[in-house]
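Here's a quick tour for anyone meeting this structure for the first time. Take a look at it, then read on.

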Amino acid sequence: MKILLIGGTGQVGSEIRLVAENNNIECVSPTSSELDITNQSSVNSIIENNLPLDYIVNASAYTAVDKAEDEEELATKINRDGSQYLAQACVEQKIPLLHISTDYVFDGCADTPYKENSPTNPLGVYGKSKLEGEQAIRDCLPEHIILRTAWVYGSHGNNFVKTMLKLGRQRSELNVVSDQYGCPTAAADIAEAVVSIVIQMQTNPNNRWGTYHFCSRDSTHWADFAKSIFSLSKTVDPEYPNVTVNPIPSSEYPTKAARPNYSVLDCSKIEQLYTITPPNWLISLKRDIPNILKNI
Ligand SMILES: NC(=O)c1ccc[n+]([C@@H]2O[C@H](COP(=O)([O-])OP(=O)(O)OC[C@H]3O[C@@H](n4cnc5c(N)ncnc54)[C@H](OP(=O)(O)O)[C@@H]3O)[C@@H](O)[C@H]2O)c1
């Protein structure tokens, strides 16, 4: 099997490359300087030059949530137009597309987990541009999987776990928001889900196209997540400093873009149709902390 992976240098993309390799999948992964998805003719030619392709996986995105408020045009070009160019090329070449999206398409006002067909209402530019990207794909390419995930962390790129571990070396006390709930999700687990879907669709498509949610099982809030990060780090590296986490309301930590207060995704559809069972977030964090500690 051969796939084209866009965004292979990102948090999720780096892990997809590894998991694809472990499953003997040939993975062509141009960097953003080799392929800028906002350039439609580059998108078309990279696909034509790599045919035949069994799948295209889009893990690329403009992901700077706060900066997007000031860079709406660029965020929209990458997240909406880039997704549309990929989908149009997929239609032309008859290649299915697996596209990664986000919990930020929701406003976080719910108090039960979001299903794939729950009403969307993004709070900011990033979420709006991602939602428009999803819609652009649905509008032209029936053979798509849109995989929404949330609260991503891993060894590559910037994320909450790495930020906490760096800050913990500088300060003995940290104030962390405790009124936003979600499911910390390891990039490595998302990559396993992506590759599993691609393999299953290759052998038995069986009309399972559409939108799916995948995030870790069980939810938490940022302050509790931070406490777990520090306590697990201490068990891996006894020299890691003791850090006190003070829970604060989000009103005491203003950000340029508003965040959803409740980001829990209902993953029962992916469990039923692909038999992919989301892992518990703490178990994945425990597995990944040693490697992340080595990379900060
Ligand atoms: N991070 C989260 O907490 C989170 C939560 C929910 C959903 N998601 C979704 O998960 C997916 C992966 O996110 P991530 O955290 O892995 O992102 P990331 O670490 O920021 O990586 C983004 C990737 O996109 C590439 N890229 C950016 N602009 C591009 C362009 N114009 N053309 C081609 N490639 C471009 C980047 O390349 P360079 O490195 O060269 O710039 C990088 O490889 C995204 O769809 C995101 O919306 C993320």
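Let's start with one pair of residues: in this predicted model, Ile3 stands opposite Cys27 in strand E2. Ile3 sits in strand E1 (residues 2–6), which runs parallel to E2 and is joined to it by 3 bridges.

Those two strands belong to an open sheet of 6 strands, paired in parallel and ordered E2-E1-E3-E4-E5-E10. Strands E2 (26–28) and E10 (210–213) are at the edges with a single partner strand each, so one side of each has no neighbour in the sheet. On average, neighbouring strands here are turned by 25° against each other, direction ignored. Helix H6 (residues 187–203) packs on the sheet and touches E1, E3, E4 and E5; its direction makes about 165° with that of E5.

Now for the ligand. Around it are 24 residues, and Thr9, Ser32, Thr63, Tyr126 and Lys130 come nearest. Here are some polar contacts to oxygen atoms of the ligand:

| Residue | Part of the residue | Distance |
|---|---|---|
| Thr9 | side chain | 2.6 Å |
| Gly10 | backbone | 3.1 Å |
| Ser32 | side chain | 2.5 Å |

On its own the ligand exposes 910 Å², and the protein buries 79% of that. Helix H1 (11–22), E4 and helix H4 (125–140) each give two or more residues to the shell around it, with E4 providing the largest share, 3 residues.

Last stop: helix H5 (residues 160–170). Its buried residues are Phe160, Val161, Lys162, Met164, Leu165 and Gly168, and their cover includes strands E6 and E7 along with helices H7 and H9. Asn159 caps the N-terminal end of H5, with a side-chain oxygen 3.2 Å from the backbone nitrogen of Val161.

How values were computed:
Residues are numbered from 1 along each chain as its sequence is written. This is a predicted model: local features need pLDDT of at least 70, side-chain atom pairs count only at pLDDT 80 or more; totals for chains, interfaces and linings use all residues. Side-chain values use heavy atoms; hydrogens and water are left out. Buried means under 20% relative accessible area, exposed over 50%, partly exposed in between (1.4 Å probe, protein chains only). Helices (H or I, at least four residues) and strands (E, at least two) are DSSP runs, numbered from the N terminus. Contact means heavy atoms within 4.5 Å. A polar contact is a pair of N or O atoms within 3.5 Å; within protein, one must be able to donate a hydrogen and the other to accept it, and residues adjacent in sequence count only if both atoms are side-chain atoms. Two strands pair if DSSP finds at least two bridges between them. Axes are lines fitted to C-alpha atoms, for helices over the stretch in contact, and angles run from 0 to 180 degrees between N-to-C directions. A residue is near a molecule or strand if one of its heavy atoms lies within 4 Å of it. Accessible areas come from the Shrake-Rupley method with a 1.4 Å probe; for residues, only the protein chains shown count as cover.
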